[in-house]
Amino acid sequence: MSHIISRRVAAVAPVERPVVRIEDDVDHSRFDLFVDDELVGILGYRFGDGCVGDGSVVALMHTVVKAEYGDRGWAGVLVRASLNTARDRRWRIVPICTYVRRYLAEHEEFLDLVVE
């Protein structure tokens with residue numbers, strides 16, 4: 001005799017995930033976060049003077065996410081993508097933005113990007 005009881009699971013509707021895209025808006029020196037084609041966040045940057053090693057020095061200035069998209073983790077998505085782009089481009093960063101600083105404190109894998 002089996003002690004496992006069979007039960008039917010109702011079909012679950014698929015969860016629609018938003019389409020997320022991050023672009024480097026070079027003309028405005030910022031990374032733009034789009035969710036389903038709506039601009040919901042930006043992370044401004046500014047090139048510093050000179051280079052460190054073979055990469056440019058870039059200050060990450062300010063992170064902004066629209067209020068109606070707040071508290072959903074979008075700022076973290078934007079910062080992570082920006083830091084990955086910095087790594088790919090061999091940029092060294094100066095974290096001016098307090099959100100970026102907090103993010104770096106929790107994600108030590110990016111600390112090697114920071115100019116000392």
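Here are four short exercises with worked solutions on this predicted model.

**Exercise 1: the fold on paper**

Sketch the order of helices and strands along the chain, and say how much of the chain is buried.

*Solution.* Start with the inventory: the chain has five strands and two helices. Next, put them in sequence order, which gives β-β-β-β-α-β-α. For burial, 32% of the 116 residues qualify. Turning to the outside, the accessible surface is about 8,200 Å², and carbon and sulfur atoms account for 52% of that. One last number for the sketch: of the contacts between residues at least 6 apart in sequence, 42% link residues at least 24 apart.

**Exercise 2: the core**

Find which residues touch the most other members of the largest nonpolar core, and which element gives the most to this core.

*Solution.* The core has 23 residues, and the ones touching the most other members are Leu43, Leu60, Leu83, Ile93, Val100 and Leu104. Now trace where the core comes from: β2 (30-35), β3 (38-52), β4 (55-65), α1 (74-88) and α2 (98-106) each put in at least two residues. The top contributor is α1, with five. To see one member up close, take Leu43: beyond its neighbours within four places in sequence, its contacts include Phe31, Leu60, Leu78, Val79 and Val100.

**Exercise 3: Leu78**

Decide whether Leu78 is buried or exposed, then list what it touches.

*Solution.* First, place it: Leu78 sits in helix α1. Its relative accessibility is 0%, so Leu78 is buried, the cut-off being under 20%. Then look for partners, skipping neighbours within four places in sequence: Leu78 contacts Ile22, Phe31, Asp32, Leu33, Gly41, Ile42, Leu43 and Thr63. As a distance check, the C-alpha atoms of Leu78 and Val64 are 9.6 Å apart, with the two residues 14 apart along the chain.

**Exercise 4: two helices meeting**

Work out which side of α2 is buried, and how α1 and α2 are oriented to each other.

*Solution.* Pick out the buried residues of α2: Val100, Tyr103 and Leu104. They span an arc of only 100 degrees around the axis, so they sit on the same side of α2. That fits the usual helix geometry: with 3.6 residues a turn, residues three or four places apart point the same way. Flip to the face of α2 turned away from the buried side, and you find exposed Thr98, Ala105 and Glu106.

Now bring in α1. The two axes, of α1 and α2, come within 10 Å and cross at roughly 75 degrees. The helices α1 and α2 are therefore roughly perpendicular to each other. Finally, name the meeting residues: Ala75, Gly76, Val79, Arg80 and Leu83 from α1 against Tyr99, Val100, Tyr103 and Leu104 from α2.

Terms used: Residues numbered from 1 in each chain as written. Predicted model: local features only at pLDDT ≥ 70, side-chain atom pairs only at ≥ 80, totals over all residues. Heavy atoms only, no water. Helix = DSSP H or I, 4+ residues; strand = E, 2+ residues; numbered from the N terminus. Buried < 20%, exposed > 50% of the residue type's maximum accessible area, 1.4 Å probe, protein only. Contact = heavy atoms within 4.5 Å. Areas by Shrake-Rupley, 256 points an atom, 1.4 Å probe, with all protein chains shown as cover. Core = buried A, V, L, I, M, F, W, Y, C linked by side-chain atoms within 4.5 Å. Arc of directions from axis to C-beta. Axes fitted to C-alpha atoms, helices over the stretch in contact; angles between N-to-C directions. Parallel < 35°, antiparallel > 145°, perpendicular 65-115°, else oblique.
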